[in-house]
Amino acid sequence: MKKKYRHRTVFFFSKMNIVQHRRKKLCRQFLRQYLTLQYFLYGIMAVLLGFGDAFHLVPRAVALCTTGLEQYTAALGIGKLITSVTMTLFYVLLYYVWRYRYEIEDRKEITMVVWVL
């Protein structure tokens, strides 16, 4: 009786190992196929936007919860500066997402204008 159960257990775990291996292989194929430059840039854009907004909103929230906006003018100014720089980088990345998504090539003039502005 014990040998019969032992055989079933070995069969079950070997079958489970095959299923896990196939699942990992499918997951790798899915990531290779759908994780493209476009989605990578979307992720960077989201983090960049959150980072820039944090530098704008955190000093404002601290100022409003304590003595007032007049005491935190330097922090608010630096926050606005960092926010404007990150927003500019956000739109540059958005331009490259547009180029990648719609397969725009050989538009060097537009690229130069985007970087100059």
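Which helix gives the most to the nonpolar patch? In this predicted model, the answer is helix α2, residues 37-65, with three residues. The patch lies on the surface and covers about 370 Å². Leu37, Phe40, Ile44 and Tyr100 make it. Leu37 has its place in helix α2. The relative accessibility of Leu37 is 43%, so this residue counts as partly exposed.

The overall fold is described next. The protein chain has four helices and zero strands. Read from the N terminus, its elements run α-α-α-α. The chain holds 117 residues, and 17% of them count as buried. Its accessible surface comes to about 10000 Å². Carbon and sulfur atoms account for 67% of that surface. Contacts across the sequence were also examined. Among contacts with a separation of 6 or more, 56% join residues that are 24 or more positions apart.

The interior comes next. In soluble globular proteins, nonpolar side chains tend to be buried together. Here, the largest nonpolar core has six residues in all. Its members are Leu41, Met45, Leu48, Phe90, Leu93 and Val97. Two elements, α2 and α3 (73-101), each give two or more residues to this core. Val97 shows some of the contacts involved. With neighbours within four places in sequence left aside, Val97 is in contact with Gln38, Leu41, Tyr42 and Met45. Of these partners, Leu41 and Met45 are also listed in the core.

A further link was found at Lys80. This residue has its place in helix α3. Lys80 is partly exposed, because its relative accessible area is 48%. Lys80 and Gly52 are 28 residues apart in sequence, yet their C-alpha atoms are 8.7 Å apart in space. Residues up to four places away in sequence aside, Lys80 touches His56 and Arg60.

Aromatic rings were then compared. A pair of aromatic rings is described by the distance of the centres and the angle of the planes. The count comes to five aromatic pairs. One of them joins Phe51 and Phe55. Their ring centres are 4.9 Å apart and their planes stand at 70°. Planes over 60 degrees apart count as edge-to-face, so this pair is edge-to-face. Phe51 and Phe55 are four residues apart in helix α2, so about one helical turn separates them. Phe51 has a relative accessible area of 46% and is therefore partly exposed. Phe55 has 34% relative accessibility, so Phe55 also counts as partly exposed.

Tyr95 and Tyr96 form another pair. The centres of their rings are 5.2 Å apart, with the planes at 70°, so this pair is edge-to-face. The two residues differ in exposure. Buried means under 20% relative accessible area. Tyr95 has a relative accessible area of 8%, so Tyr95 is buried. Tyr96, at 29% relative accessibility, counts as partly exposed. Tyr95 and Tyr96 also belong to one aromatic cluster, together with Trp98.

Tyr95 and Tyr96 have a partner in helix α4, residues 108-116, where Thr111 has its place. Outside its neighbours within four places in sequence, Thr111 is in contact with Tyr95, Tyr96 and Arg99. Thr111 has a relative accessible area of 15%, so this residue is buried.

The loop between α3 and α4 was examined last. Most residues other than glycine have a negative phi, and most peptide bonds are trans. Glu103 lies in this loop. Its phi is near 50°, a positive value in a residue other than glycine. Glu103 is exposed, because its relative accessible area is 66%. Asp106 also lies in the loop between α3 and α4. Asp106 is not a glycine either, but has a positive phi of about 60°. At 67% relative accessibility, Asp106 therefore counts as exposed.

Methods. Residues numbered from 1 in each chain as written. Predicted model: local features only at pLDDT ≥ 70, side-chain atom pairs only at ≥ 80, totals over all residues. Heavy atoms only, no water. Patch = residues over 30% accessible without salt bridge, like charges linked within 9 Å, V, L, I, M, F, W, Y side chains within 5 Å. Areas by Shrake-Rupley, 256 points an atom, 1.4 Å probe, with all protein chains shown as cover. Salt bridge = Lys/Arg side-chain N within 4 Å of Asp/Glu carboxyl O. Buried < 20%, exposed > 50% of the residue type's maximum accessible area, 1.4 Å probe, protein only. Contact = heavy atoms within 4.5 Å. Phe/Tyr/Trp six-rings, centres within 6.5 Å; stacked < 30°, edge-to-face > 60°. Core = buried A, V, L, I, M, F, W, Y, C linked by side-chain atoms within 4.5 Å.
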